[in-house]
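Dear colleague,

Please find the structure below, handed over for your own work. A summary of what was found in it follows directly after.

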Amino acid sequence: MLEAPVDIADTKLPRHIAIIMDGNGRWAKQRHLPRAAGHREGAEAVRRTVTACREMGIQYLTIYAFSSENWKRPADEVDDLMGLLRIYLRREIKELDEKNVRLRIIGDRRGLAEDICQLIDEGENATKDNTAMVLSVALNYGSQAEIVEAVRRIAKAVKCGDMDPDDIDEKMISNHMYTKDIPDPDLLIRTSGEQRLSNFLLWQSAYAELIFIDEYWPDFDKKALATAIDTYASRERRFGAREN
Ligand code: IPE
Ligand code: IPE
Ligand code: MG
């Protein structure tokens, strides 16, 4: 039995929430623990957040798990993160499926280990018919690289005569993104007090409401999510038009 949704008028509920899950390292440092412990707790926060979003009736949740720039970190931290990802993918697929959640990975798979790609394929396949929520996990994701790839594909299509340059518009460019079949985020949350996008969904977040919260990601919970949704609900989105 699903819990009743939080008391927020459905019309004010964001359809798509995107989250930059930041602050695992600082969370661990504060406790004199290794960074890996912060990442482990971060994975727990992912489970909590997926469940909370599902219960609240959020249709799309997109989380930034590993950026294309995170390869710059020391090899042992990258190994820890990839190890946690393997554990998450092995453990959570069944639970996601039971919750009727569809899993998708966005990002450049070419940079990922073969066994991880296989786990991703299995997870996406096992959950492909689920309808309650789409969970997109951004892995080896960089927004600028995504845009470059889209431009390259469009340029090739134009060059070989399959596309007219006059047909290029916003919709068409959106259709060349990893996110082509999901709506743009309504609400983008970043934890840990940093106020930047760090190359996440730059194109897609053109009109997202941005909420920066001070808590570190491992401390993020249902209450923090509900507070962010409340703040979102109190904002007036104008999309360039005039307020009433
Ligand atoms: C977010 O936490 C997790 C990833 C970027 C993979 P960080 O590891 O960036 O934590 P801080 O920002 O150093 O505290
Ligand atoms: C953004 O966090 C990437 C993820 C949350 C996966 P970072 O910690 O990598 O971002 P910067 O380096 O502080 O901008
Ligand atoms: Mg960080």
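The lining of the largest pocket draws at least two residues from each of α1, α2, β2, α3, β3 (101-106) and β4 (133-141). Among these, α3 is the main contributor, with 6 residues. Please note that this is a predicted model.

The largest pocket

The volume of the largest pocket is about 810 Å³. Its lining comprises 38 residues, and those closest to its centre are Met21, Asn24, Tyr64, Ala65 and Phe66. By class, that lining consists of 19 nonpolar, 9 polar and 10 charged residues. Ligand 1 occupies space in the largest pocket, and ligand 2 sits in the largest pocket as well.

Ligand 1

The shell around ligand 1 has 13 residues, and the closest are Asp22, Gly25, Arg26, Arg35 and Arg73. Three of the side chains place a polar atom beside an oxygen atom of the ligand: for Arg26 the distance is 2.7 Å, for Asp22 it is 2.8 Å, and for Arg35 it is 2.9 Å. On its own, ligand 1 has 380 Å² of accessible area, of which the protein covers 86%. Two or more residues of this shell come from each of α1 (24-30), α2 (35-56) and α3 (75-98). The largest share belongs to α1, which supplies 3 residues. Sorted by class, the shell around ligand 1 contains 3 nonpolar, 5 polar and 5 charged residues.

Ligand 2

Which residues surround ligand 2? They are Ile20, Met21, Asp22, Tyr64, Ala65, Phe66, Ser67, Asn70, Arg73, Arg190, Arg196 and Ser198. Asp22 and Arg73, listed here, also appear among the residues closest to ligand 1.

Polar side-chain atoms approach oxygen atoms of ligand 2 as well. The side chain of Ser198 has an N or O atom 2.6 Å from such an oxygen, the corresponding distance for a polar side-chain atom of Arg196 is 2.7 Å, and for Arg190 it is 3.3 Å. Taken alone, ligand 2 exposes 390 Å², and the protein buries 77% of that area. Strand β2 (residues 60-67) gives the most to this shell, with 4 residues. The shell around ligand 2 divides by class into 5 nonpolar, 3 polar and 4 charged residues.

The cavity

How many cavities of 30 Å³ or more does the structure hold? There is 1, and the space in the largest cavity amounts to about 40 Å³. Its lining is formed by Arg47, Val50, Thr51, Tyr88, Glu92, Glu95, Leu96 and Lys99. Helices α2 and α3 are the elements that each give two or more residues to this lining. The largest share comes from α3, with 4 residues. In terms of class, the lining of the largest cavity has 3 nonpolar, 1 polar and 4 charged residues.

Points to look at in the model

For a first inspection, the following may serve as a guide:

- Ligand 1, with Asp22, Arg26 and Arg35 as polar side-chain partners of its oxygen atoms.
- Ligand 2, with Arg190, Arg196 and Ser198 in the corresponding role.
- Helix α3, which gives the most residues to the lining of the largest pocket and also the largest share of the lining of the largest cavity.

With kind regards

Key. Residues numbered from 1 in each chain as written. Chains lettered and ligands numbered in written order. Predicted model: local features only at pLDDT ≥ 70, side-chain atom pairs only at ≥ 80, totals over all residues. Heavy atoms only, no water. Near = heavy atom within 4 Å. Polar contact = N/O pair within 3.5 Å; in protein donor to acceptor, adjacent residues only side chain to side chain. Areas by Shrake-Rupley, 256 points an atom, 1.4 Å probe, with all protein chains shown as cover. 1 Å grid on protein atoms, 1.4 Å probe; cavity = no way out; pocket = protein on both sides within 12 Å on 5 of 7 lines; lining within 4 Å. Sits in = over half its atoms within 2 Å of the grid points. Nonpolar A, V, L, I, M, F, W, Y, C, P; charged D, E, K, R; others polar. Points joined across faces, edges and corners; volume = space filled by probe spheres on them.
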